[in-house]
Every structure is written in C-alpha cells, then in structure tokens.
Amino acid sequence: MPGNKYNSNSAHIPNRVERLLRERVLRKNNRATSQLNEANDNNSEKEEESSRNSYVEKYLDGAAAVRALNEGPENQEARPLRQRLLVVANRLPVSAVRRGEDSWSLEISAGGLVSALLGVKEFEARWIGWAGVNVPDDIGQQALTKALAEKRCIPVFLDEEIVHQYYNGYCNNILWPLFHYLGLPQEDRLATTRSFQSQFSAYKKANQMFADVVNAHYEEGDVVWCHDYHLMFLPKCLKEYNSKMKVGWFLHTPFPSSEIHRTLPSRSELLRSVLAADLVGFHTYDYARHFVSACTRILGLEGTPEGVEDQGRLTRVAAFPIGIDSDRFIRALEVPQVQEHIRELKERFAGRKVMLGVDRLDMIKGIPQKILAFEKFLEENPIWRDKVVLLQIAVPTRTDVPEYQKLTSQVHEIVGRINGRFGSLTAVPIHHLDRSLDFHALCALYAVTDVVLVTSLRDGMNLVSYEYVACQDAKRGVLILSEFAGAAQSLGAGAILVNPWNITEVANSIAQALNMSSEEREKRHRHNFLHVTTHTAQEWAETFVSELNDTVVEAQLRTRQVPPPLPNREAIERYLRANNRLLILGFNATLTEPVDTPERRGDQIKEMELKLHPDLVEPLTALCNDPNTTIVVLSGSDRNVLDENFGELDMWLAAENGMFLRATKGQWMTTMPEHLNMEWVESVKHVFEYFTERTPRSHFELRETSLVWNYKYADVDFGRLQARDMLQHLWTGPISNASVDVVQGSRSVEVRAVGVTKGAAIDRILGEIVHSKSMTSPIDYVLCMGHFLGKDEDVYTFFEPDLSTDNNGLPRSKITDGLRSSGERRSSPKLPANKSGSKSSQNKTQRPLPIPEKKAAVNHKSGNVRWPSPDKISWNVLDLKKENYYSCSVGRTRTNARYLLQSSDDVVSFLKELADASSDFE
C-alpha cells in the first residue's frame, strides 16, 4: 500500500496475529486461575451442574456475576470490568408460558448457543430474542419483560402475522432450504405463505424490530453478536443506528456456493446487509469461502485472504468451528443415575455390537440413507445379523409440514421392512424412537455405543459426533461421519468419512468399523478426543469475541492510514479566495455515471460506455465559464471518448494519460516524443487477442500509446488465472526486452510505453495551457481529483508543496520541457535567485514553466500538432501554498492523495456546491 505521509505513524504497532496470540495467552491464564478458584466447589454443586436445566438456570440467573462480586478486593483490583456481550438470536434460551394476566412461568430450552457461553468469564452476556409466544397486551409484555430480566434475557415481541411471514415463511421456507442445497420452493409451496415479496418485507421488518431492542439496551463498549440466517439484515440496521457499534454475525448453517445463492431474488441485499458487520463467522472454511465467492461474483467486490473489501472498508470473514462443553459430558458419566443407565443398556444388548444414530427427523439428516446402508450391510454380512443392533433416535420436528410427515412415514416403512426381513420374535436389528432422550439417558447411550453413524446430507456442524467422542474415553468407539457435515473438517482425521448418498460405501464403512482393531480405534479416538476437549464451546465463544474486538482495532488502524474525507467547505472557501485556479479531474469512476445502479448492474454493454454523469453538465459548464478557472480532464481513455462527453464544454482534454491534449475549441496535439519506440504493439496485440478469445466476456482496447485487457465481466477466478498466464507469457516473450510498463488494475492488464503516466505528462500540459491562455498571474489553487491507478498517482505528488528539495532548490519532481520535438534536450530551468531560497517561499511550490512558441509543426502521419522547443521564461507559473492544494482520490483508499471521496456521487455533490458558491460569489 502506498504510504500517506499525512496519516502515517512511525511507532511499531503489533499486527493482528501478535495481538490475538497475546490475547490467547491471557485467556489461558485466566482460565487456569478460574479453574483453580473453583477446585474447592462441593460435590453437590457438581451434581447440580450435571442436570441440563439446573446447569443453564444457574448461568442465566447470573451466578457467575455473583461469584465475581464475592471475590476478594485484591482480585477485583487486578481484574478489569467484564465486557458486556449482547447475544441476539431468533429465540431466547427460555420458553415462556402465561399463567395469568401478569404472571409467567419460564421453561429452560437450552441449545448449543447457550452451552457455548456457559462458564465463559471474560464477558457478561445478555440475551435478546423472541420468547416464542404472542403477547399483544402491554400488561403481559411488561410482566414477561420483568420475569425475563431475572434470567438476563430481553424479549423482542413479534405478532402472529410477522412470525408467520418472517419465521415460518422467509426463514424456514426460503433461506433454510436454500442454505441446505434444497433450492427455492416452487410457486405452489410459496403461495401457502403469501408471496416472496411480502415474506421478505416481513423479514426486514422483524430484523428492524430486533435492532430497535438492541439499540434501546446498547451501551458504549458493548459487543453485539448476531446469530444465524434469521438475522441477516440485522448488522445493517445496527450500523445505520451507530456506525461505531461492534457487530459480529455468525451463521450456524452451511452457506451455499455462489451458484446456489445467486438464485435468491434478494441475494444482493442480504449479502450487503451481512457485510455491514465487522466480523462474519462460519463453522468451516468452505462456508466462509462460499460467502466471499458470492460477494465477489454477485456484488463484484474484492475478496481478500482476510475477507471482503468494499471501497476500502474490510469486513473480516473467518471460520470458527463450534464445540461442546466436553467437561459436562465427561462429568455426567460419573453421576450414579448415568452409571445405572449404562449397566441396564449393557445387560439389554449383551453379546451385540451397538450402533447409534441421533438426529432430528429432518430431510437433511440422511436417516433413510443410513437405514438403507445398514440394510445393505446386513445383506452382505449375514454373520453380523444377530450380533449388531442399530438404535436410531429421531426427534420429530415441524410435524405439521407435509414434507416432514411424508419423511416420517418413509422412515417407518423402511424400518418395518428391515425388521420384518432380518428380525425374530426375540430381537430386531433396528430400534427406532420418535422422541428425544433426556441428558442422562443420552450420555449413557453414547457410553455403550460401539459405532455412531452421522449421515447428514448437509449439516452446518453436527455436534452429535462431538458428544459421542466426549463420552467414549473408556470404550474407544468408532465414528462414521458424513463428509457433508461441518464436523468432518474437524474430526475427519479420526473418523471414517463417507458420502451418505453412496449406500455401498456406507455399508462397507460399517463393516470396517465393526471389524476395526483395538489399536486403530485407540489412535482414531485419541486424535478426536484431544480435539473435542480443547476446541470447546467456551473456547469458540471467547475466540470469536476476541477476534471481533481485534477486528475493530484493526479497522481503526486501517482508518488511520486512509485519507480523511475532502473538507468541502474549506476547499470551496479557498477556491473563492484564489486568483488563478486549476482543476484536474479524472474521468472514469470520477465524472461518469455510477455503474452499480439496478438498471445498469451486470449490463456489460452499458457499463462499457463511459458517459458523463448527467448531473455534472450544469456545474461543469458554470465552472468552465469562469475565466479564472482552468479545468483539465485527465484520462486514460482515448480521444474519441473524451470528445463525445466534453466536446461542448470549454475545458482542456488530456487523453491516453496525457499523451494527447487539446482545448475543446482547438485541435488535438501530442506530448509524446517523436521517436517513441512502439514496435512492441503488434506482438502484445496478438497476445491480448488470444486471451480475449479464451476468456468469455473479456475485451481489450487498442490505444495509440497502450493496450488494455479488461476481464471485469469475466468469471472472477478464471479471469485472474488468465491474467496470470498472460503476464507470464508477456514477460518471457513479447516485452522481455521492450521499453514498456505493465500496469495491473483490479481486473485489468495494461501495457504502455515507459514514462507514459499522468504525472509525467502534467508539466507539459501546464506549459501548453499557460501559453494558450496567455496567463500573466501564477496558479495559486490546485484541485486534483480522480480514481487513478497507483502508477498514475504521481500526478498527486507533482504538486506537493512540501516535497523535499535538492541542492539547487528545485522540487524532486522537476518541471520538464513543454510540448516539444523528439530528442530535444534542455537543462533544467532554475528558480530566480531572489525566490529560490527566500524565507517566504518555504511552504510554496514556485516553478518556472517553459512556454511553447506560437509556431507549430504538424505531424502529418498522425494528424497531431507537435510544438517545437519552447523558450525559457523568468516568472513562476505555480505559486502554490500548501493549504491551497487539494489532492483527492475517488473510491481508492490506498492512495498518495491527501483526501478521499467515496464515489462519483460525492464528486457530483462537491462540484455542485463549488459551482453554486462560485455563482453566488460573483
């Protein structure tokens, strides 16, 4: 990144990895201290924690906060106040049941998210979400709010219509199937919950209602952690309220490939809303990669190793695999109730290997595939028919939905068929339960199981595999895990990975697991057990919040390196007080129409037509009519493009990076040396043509001083690969010995003659302008504004008044000859003796400019006027104070410019203000 001397800091600042490593060590030390302090807890407290509800109840009641208050004063002084964490999810970890007009009972409904935050001491959590009930009256809402406050919960009240459209409709009928690769619903299904548009409107409204509650309870310094696909719109709503709010968003489901996500009608709006967050988290790198790919392919943004960049703002995207509270499962195995369950199960299934499946009865869980694979195993391995049993726990969900009812019937039919085929009067191969088990019974079942089958067709993570491993330290069972579950990336080394759609493969894996040696089981289990016990849910939560805090710090450091916004009022006031002004404006992405509007987005033909922003015609006309203002449009485009857009205005046009120049009332002339070597053009042109043919939707422009290959509209990844191949070929072949510069844009490759830059041309342009306008007073105000490539940013430094000077007093970027004939050499002009070293000139740029003679020669071959050698003059054309120079980058934060405008719309607003002020001043 180019340095910006106005925003630099010489002090060493630890980088992101250094800060996160330091934070990790602190967390470990704090955790060790906390475990030491809790080592004296009595056994009754441990037994209480083994119960799911009492365990969660303790956390929600704020026991951890009470413990912190009861610590000694020396600990209180050593430990800073804990950071508040606002956890925002669709559902609160409690369900409310109304007992009277102002009376409520609360039932704990703990899930993975609550478990993840249990025992975390680094921050104080508050929960914000829907309580699962409709509360239309104020009395009921007040009473429920008061009851939930005791559990550190804050309710969001959603009416039945919103819930129907937002939750049942858009979330469960649109987003959830799409994110699990089931596609969008057909129109007949969509009609059952109104139209897509009404569902999306309800979704946005519900997200805004969540945001309103967050905003009402937010305090400075809080971290807001938004969860799951229900709240994709929430980060944008929160940032619009307070741009400095620390906002993280985490998705607990898979994120589909960009080809799937692009089918969603609201694809762009949802992506941009999520990108408003500071940190976006996923369970696996695959999901994070899909998200970044969707942003680059659908939104046209820049994907980086850190995340997604949009106009200089970086949204960090990373993988944070969730875990479980493994200690809780390990401790539960010591509880007498669990030990009794284990003894009963061992007696019940004595002499048989136990296989287990624990799933929600859902389309994505692959239960039919699992059972069919077990049937195939029994067919191919008759010896095992009386020696193995499959226990399938299928927890019913969405029982009112026809698709789920059909799935239930299908599973029951397959189970009945297999039991009838391979069972006997005393034993059946499959035990199927359509209900959930309590925590103790589940731990006991995990402990006696020899093989667990997880055959998810698509699953965000699947923590059943983690729970099984945590309970298997004695038995060392085998885990068969679907490669389509997120857990496969974490536990894949110790598990047997399968494709659940390949029934034969799964059946063979069952045989492999049942016949596996104890040594191999030991090795596999040791690997997975270490991962499960170290990558816990608490570690996941602490890591995410730590990285979110650091992401905000990193953004602040980046902001320090980004130029400040252009001070419009100050720039206009100094413009009005100046006597002779020069405005140098870029064209593309500066004065052009925005290309990301809905009617132009993705329309390559329209976007390739560079058009002057219609709102700029009037202000530019007014500024051009001011005799004390000179406007130069300095562009890389060819002459025809500039003629079409600015031919009616009284200004100067500098095409192809300043190599061609004309006043709109005159004819084109060239600033190029006559003997500029352009022999490389034909060979480079052949290369560009070849890669254009091989890269769909790419194109190249042949200019007189350069060639540009653009792959903005091609597939992002393919375009980059082609650009890399092209560069390798160019450097080893056509341009290996040529005097050329290769300029790489974000999605373009340009080959131009050496020395063809905007900064190199500006002195010659100034010489001609001064001669043509017969200037008698020096230029005392310069505004240089554009969306220039890094190679062309020398135009900004050209005018810097405080550049260091060499021995003869000239600025480092010397003024060279004006429009001249090729091969002419002249000594560098020198400042007059009375000014070069004077005290009053220390903060000014005072440069003598050569003025071309009036006689001009015509280069008949090119049709361009070429001016002969100019004479020296003794007065300074530039008398520029530091405060009267404004260099401004448009949309590029990595810049040498002093100031920044975000887009061409900001340029339009500024030039309108400038023109209006100039008219009023006159």
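A contact is a pair of residues with heavy atoms within 4.5 Å. In the protein chain, residues 24 or more positions apart account for 73% of the contacts with a separation of 6 or more. This is a predicted model, where local features need pLDDT of at least 70, side-chain atom pairs count only at pLDDT 80 or more, and totals for chains, interfaces and linings use all residues. Residues are numbered from 1 along each chain as its sequence is written, and side-chain values use heavy atoms, without hydrogens and water.

**Whole chain**
- The protein chain has 34 helices and 33 strands, which are DSSP runs numbered from the N terminus (helices: H or I, at least four residues; strands: E, at least two).
- Of the 922 residues, 53% are buried (under 20% relative accessible area, with a 1.4 Å probe and protein chains only).
- The chain exposes about 41,100 Å², of which carbon and sulfur atoms supply 49% (Shrake-Rupley method, 1.4 Å probe).

**Helix H29**
- Helix H29 covers residues 681-694, and its end C-alpha atoms are 20 Å apart, which agrees with the 20 Å expected for 14 residues at 1.5 Å a residue (1.5 Å times one less than the number of residues).
- Its buried residues are Val681, Val684, Val687, Phe688, Phe691 and Thr692.
- These residues lie on the same side of H29 because they cover an arc of only 135 degrees around the axis (taken from the directions from the helix axis to the C-beta atoms).
- An α-helix has 3.6 residues a turn, so residues three or four places apart point the same way.
- Strand E23 (699-702), strand E24 (706-710), helix H30 (716-732) and strand E26 (748-753) are among the elements covering the buried residues of H29.

**Ser273**
- Ser273 lies in helix H13 (residues 267-274) and counts as buried because its relative accessibility is 0%.
- Leaving out residues up to four places away in sequence, Ser273 touches Met232, Phe233, Pro235 and Lys236.

How values were computed
Buried means under 20% relative accessible area, exposed over 50%, partly exposed in between (1.4 Å probe, protein chains only).
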